[in-house]
Amino acid sequence: RLVGEMQAGVEGDMSPRQLTDKQVVRLHQLLHEVRFDDPKGDHLSPAGEYNLRLGVMKELAPDMIATHQGDVRVFEGHAFIVEAAVSVGGRDIKPGINVHRFANRIPLLFEGGSDVITKTALKRINWASYKINQATDKVGVFVSIVSTKIPFKGAGKEYIGDDVEEMVA
């Protein structure tokens with residue numbers, strides 16, 4: 001379709017080296033104007049609610065656990081899925097809200113305070129409305145973001161910024 005709109009002697013099997021400067025500029029304009037469908041997310045490999053629940057139960061043996069896998073959403077043309085689990089009680093867990101963050105199944109170990117997941121778990125959720133005491137109850141929050149493009153902040157890929165509206169919502 002783009003080749004048809006360019007006209008001016010451009011063929012679909014032409015090498016990019018054969019394009020004139022004017023044709024390259026026109027192609028650039030067309031690529032900015034065209035709208036592509038959002039990706040469906042079929043290419044992503046989330047762990048799934050079952051495996052997330054199984055993993056938390058195996059490691060912590062919590063008194064209660066809830067899991068959820070969100071719908072496929074899109075950030076800058078890249079599909080992503082957020083999976084989450086919340087556990088209450090269990091072994092080897094400290095009192096308070098314990099946040100465990102993952103990006104494409106890899107644990108994010110550093111810069112937790114700046115991360116969108118940590119900020120959401122500690123500041124944006126009203127735990128009291130669920131009758132959970134943030135100081136004394138043993139709560140585990142597990143969040144995994146699966147995508148072809150994780151919006152890391154900084155070169156160290158240590159945390160996901162909270163300025164990405166699609167992920168905060």
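This is a short walk through the strands and nonpolar cores of one protein model.

Hi everyone, thanks for having me. What you see above is a predicted model, so let me start with confidence. The mean pLDDT over the protein is 86, and 96% of the residues reach at least 70. Among the elements, helix 1, residues 2-6, sits at the bottom with a mean of 70, while strand 1, residues 64-69, comes out on top at 95.

A word on the annotation. An unreviewed UniProt entry labels residues 39-167 as "domain: DNA topoisomerase VI subunit B transducer". Over that stretch, the chain is 19% helix and 34% strand, with 16 Å between the end C-alpha atoms.

Now to the strands. How many bridges link strand 3 and strand 6, and in which sense do they pair? Strand 3, residues 78-88, runs antiparallel to strand 6 over nine bridges. To find that pairing on your screen, look for Ala84 opposite Val143, or for Val88, whose bridge partner in strand 6 is Val139. Strand 6 also pairs with strand 4, this time in the parallel sense and over eight bridges; Gly96 and Lys138 are bridge partners there.

Strand 3 has further antiparallel partners. Six bridges join it to strand 1, with Ile65 matched to Ser87. Three more bridges connect strand 3 to strand 2, residues 73-75, and Val74 partners Ala79. Strands 2 and 3 make a hairpin with two residues between them, and Glu76 in that turn has a positive phi of about 50°.

Back to strand 6, please. Is it mostly covered or mostly open? Mostly covered: nine of its 10 residues are buried.

That brings us to the packing. The largest nonpolar core has 18 residues, and the members touching the most others are Trp127, Val139, Val141, Ile145, Ile160 and Met167. Strand 4 (96-103), helix 4 (116-124) and strand 6 (138-147) each give two or more residues to this core, and strand 6 supplies the largest share, four residues.

Do have a look at Trp127 while you are there. Leaving out residues up to four places away in sequence, Trp127 touches Val86, Ile97, Ala121, Ile132, Gln134, Val139 and Val141. A second core, separate from the main one, holds seven residues, including Leu52, Ile65, Ile93 and Phe142. Ile65 is the residue we met earlier as the partner of Ser87.

That's my tour, and I'm happy to take questions.

Conventions. Residues numbered from 1 in each chain as written. Predicted model: local features only at pLDDT ≥ 70, side-chain atom pairs only at ≥ 80, totals over all residues. Heavy atoms only, no water. pLDDT = per-residue confidence, 0-100. Core = buried A, V, L, I, M, F, W, Y, C linked by side-chain atoms within 4.5 Å. Buried < 20%, exposed > 50% of the residue type's maximum accessible area, 1.4 Å probe, protein only. Contact = heavy atoms within 4.5 Å. UniProt positions renumbered as here; feature names shortened; annotations may be inferred. Pairing = 2+ DSSP bridges.
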